[in-house]
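Colleague: I am new to this structure and would like a close look at one helix. Please describe it in detail, then go on to the spaces and strands elsewhere in the model.

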Amino acid sequence: MSQPNMPNITPNISVSRDDVVNLLLSSIAMEEMGLAHIINAEGEKIQYVLGTLPGITGPPATIQDILNVNESTQTMLETIFKKEIILESKMKNASNIPTLRGPTGATGPQGVSGDVVTVNGIPAVNGNVQLTAENVNAFPLTTPISSDSNIDGGIFLTPGVYSSDNNAGPPTTPPPGATGVWSLYVTVITPPIGDPYIQQLYFSNPTIFIRSSPDNGGTWTDWTTLGVQGPTGPTGAGITGPTGATGVTGATGVTGATGVTGATGVTGATGVTGATGVTGATGVTGATGATGATGVTGATGVTGATGVTGTTGVTGATGVTGATGVTGATGATGATGITGPTGPGVFLWGATSVFWADSTAPGPGDGTPSNPFSSLQDAVTAATSSPLAVAIGMRARLMILVAANSAFDEDVIIPPARHVQILGLGPWVLGDGQGANFSSTVPRNLTMQTSQVQEDFYLNQGPAFTARPVTVVGTFDNGTSVSTHTNYTDGAIISGDIIFQDIDPVHGFTTIEFQLLNGAVVGGVIQDEHQGNLNTYIYNSRISGDVTHNALRLQRLVDSRIDGTFTISAYSNIVNTWINGDFTVNTASMDVPPIGVFSSQFSNITWTGPLVIDTSSNYYFVNSGATLVGAKTVLFDNT
């Protein structure tokens, strides 16, 4: 890529106003060419990480590598946007330069800044936007939508995370091989001039796709695959950081000339062979014995003595060794090759609010991706006692990412006045998971503690500290929860109970937000002195034990199965669920409309309390032999 050139002005040059305009326009064209080279280089960087760059094969990329490169490319594109705004202004000014200078006009208003205005609605400071888990509401949950929605426009041009609530088919313009179960993460960058730039990150087990629109959804790039989950490798001694790219091999240095071979030394003369010793005289032969009489063999005569051996001759002297030849001179060393570029460093993200846990790690760990905690309780303790959590309490949205196939054989306690999300990158177990179907030898419990005193410590500091305690447990993938294979492949299994425990001596009133995503609870839900509302959202999950909490408000129960009894305060919206245990409730609430039970199956149960139900669910309720103690409202019944 060359730089713009100007004519030689030494010693004199005469340039007209028209020539100045042409030179300015030429310089703009040269800068545009330079930006085009930069954009092409960013594209080749992405190809290299994805392994699609022709002729070059690098090490396999991890999801952290891909996200890191994506962030780097996005930063570069934002810088290019700013440069394009400056070039556009420069070109307009150059185009408007008159060939004849008139009187100077009045000073116009100051132009808008070329910096970025917002990202996902977050205002920029000096053109920069810092995205953290706190200010983007890491992995927020939204109202589920139909899986066959048109994701080219509408609500999908608004920042947030959207998840399919059924399997009606893939969305409009889906990625290759997409299914009806997916999640979509939308990011919007708003420049001061021009249309918003939109990115969509599409999660569909086991593949992640990405695409973008430079004109607020008017046109879209093709979907690009970020990576496919491979089989689980063997457990290593520790987590190795990503290997940097191999540098270009330097040219081979010139081979030095071969040194002169030294002359061969003179061979020493052969020593004189010593004379052969004199042979000793032969001993005297003994006399022959007399021949015995015939018949009887005579005794053998005595053997004569052996003659004396002669002396050995003297050995001749060894000849002189010849001198060693001279060693030849060493050849010159070739020039050292060019050192290759340094590989990417260790990927770090969300250092103040994101913590990593992996039961197979050597431990104890520090919560970083390269050295995760081997204990889930250690990860929870580190997150909830971090400087950010201590400073702002429930306003610190803490994320604990759990490695797939982890099994934590320990009880876990989440302290009061905190917002904690424990989400697996794949299936995981709270328990040892050594039994059939990943059952555990000893049931392990998950306890959420509450304290009005500790919450008031933050609430009394003003609106900037106001928030509710939140706990989210599960995985990122949507599981199948009604079948007998519940969450075996992509869910979280809690081998014991989920407990809500108030630790104040005088129990106060606290409202808790709780979400269970793609989880199987082998035990039940227990109220341990907790006073106050428990707003509960359950998606793609199964609860085998009893659920008892006199202030639990079941806001959503979607694509799930309940096998134990439910004794709660209220319910709002139940969809695609198998109710396999007795259900006792005080009221049907309008907290989260539409109110009622929709497209759900019943066993032979007893429902105590008001029942708002659609016609298809009512068919299963009646034909299952279920009993109702309370009033029934049948929706969509025109008879």
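**The helix H2 and what lies beyond it**

Modeller: In this predicted model, the buried residues of H2 are Gln64, Asp65, Ile66, Val69, Thr73, Gln74, Glu78, Ile80, Ile85, Leu87 and Ala94. Buried here means a relative accessible area under 20%. The list includes Asp65 and Glu78, which count as charged, as well as Ile66 and Leu87, which count as nonpolar. In an α-helix there are 3.6 residues a turn, so residues three or four places apart point the same way. The buried set of H2 has such spacing in Ile66, Val69 and Thr73, for example.

H2 is made of 33 residues. From its first C-alpha to its last it reaches 47 Å, which is close to the 48 Å expected at 1.5 Å a residue.

H2 also takes part in the second largest pocket, which holds about 750 Å³ of space. The lining of this pocket has 30 residues, and the closest to the centre are Thr73, Leu77, Tyr197, Gln199 and Ser212. Two or more lining residues come from each of helix H1 (17-50), helix H2 (63-95), strand S5 (197-204), strand S6 (207-213) and strand S7 (224-228). H2 gives the most, with ten residues. Thr73 therefore has two roles in this description: by the cut-off of under 20% it is one of the buried residues of H2, and it is among the residues closest to the pocket centre. By class, the lining divides into 15 nonpolar, nine polar and six charged residues. At least three lining residues come from each of domain 1 (24-92) and domain 2 (156-228).

Next come the cavities. The whole structure has three of 30 Å³ or more. The largest cavity contains about 80 Å³ of space. Its lining consists of Ile414, Pro415, Pro416, Ala417, Arg418, Met448, Gln449, Thr450, Glu455, Pro469, Thr471 and Ile512. Strand S14 (residues 446-450) supplies the largest share of that lining, three residues. The lining of the largest cavity has seven nonpolar, three polar and two charged residues.

The second largest cavity contains about 70 Å³. It is lined by Phe500, Phe514, Leu516, Val525, Thr536, Ile538, Ile543, Val547, Leu552, Leu554 and Phe566. Strand S18 (512-517), strand S21 (534-539) and strand S24 (552-558) each give two or more residues to this lining. Here the division is ten nonpolar, one polar and no charged residues.

S21 can be followed further. Side chains in a regular strand alternate between the two faces of the sheet. In S21, Leu534, Thr536 and Ile538 are on one side, Asn535, Tyr537 and Tyr539 are on the other, and all are buried. S21 is thus a mostly covered strand, with six of its six residues buried. Thr536 and Ile538, on one of these sides, also line the second largest cavity. S18 and S21 run parallel and are joined by six bridges, with Gln515 opposite Tyr537 of S21. Six bridges also link S21 with S24 in the parallel sense, and there Tyr539 stands opposite Val558 of S24.

S14, met above at the largest cavity, belongs to an open sheet of nine strands. The order of this sheet is S11-S14-S17-S20-S23-S26-S29-S33-S35, with parallel pairing. Strand S11 (412-414) and strand S35 (627-629) are the edge strands, and each pairs on one side only. Within the sheet, strand S29 (residues 583-584) runs parallel to strand S33 (residues 606-608), and two bridges join them. Thr584 has Thr608 of S33 as its bridge partner.

Last come some details of the backbone in loops. Gly363 and Pro364 are joined by a cis peptide bond, with omega about -5°; Pro364 is in the loop between strand S8 (354-357) and helix H3 (376-384). The bond from Pro593 to Pro594 is also cis, with omega near 5°. Pro594 is in the loop between strand S30 (587-588) and strand S31 (596-598). Asn405 is not glycine, yet its phi is positive, near 70°. Asn405 sits in the loop between strand S9 (397-402) and strand S10 (406-408), and it is exposed, with a relative accessible area of 52%. Ser599 likewise has a positive phi, near 50°. Ser599 is in the loop between S31 and strand S32 (601-602) and is partly exposed, at a relative accessible area of 42%.

How values were computed. Residues are numbered from 1 along each chain as its sequence is written. Side-chain values use heavy atoms; hydrogens and water are left out. On a 1 Å grid over the protein atoms alone, a cavity is a set of points where a 1.4 Å probe fits but cannot get out, and a pocket is an open set with protein on both sides within 12 Å along at least five of seven lines; lining residues have an atom within 4 Å of a point. Grid points are joined across faces, edges and corners, and a volume is the space filled by probe spheres set on the points. Helices (H or I, at least four residues) and strands (E, at least two) are DSSP runs, numbered from the N terminus. Domain bounds come from an automatic or database domain assignment. Two strands pair if DSSP finds at least two bridges between them. The expected span of a helix is 1.5 Å times one less than its number of residues. Buried means under 20% relative accessible area, exposed over 50%, partly exposed in between (1.4 Å probe, protein chains only).
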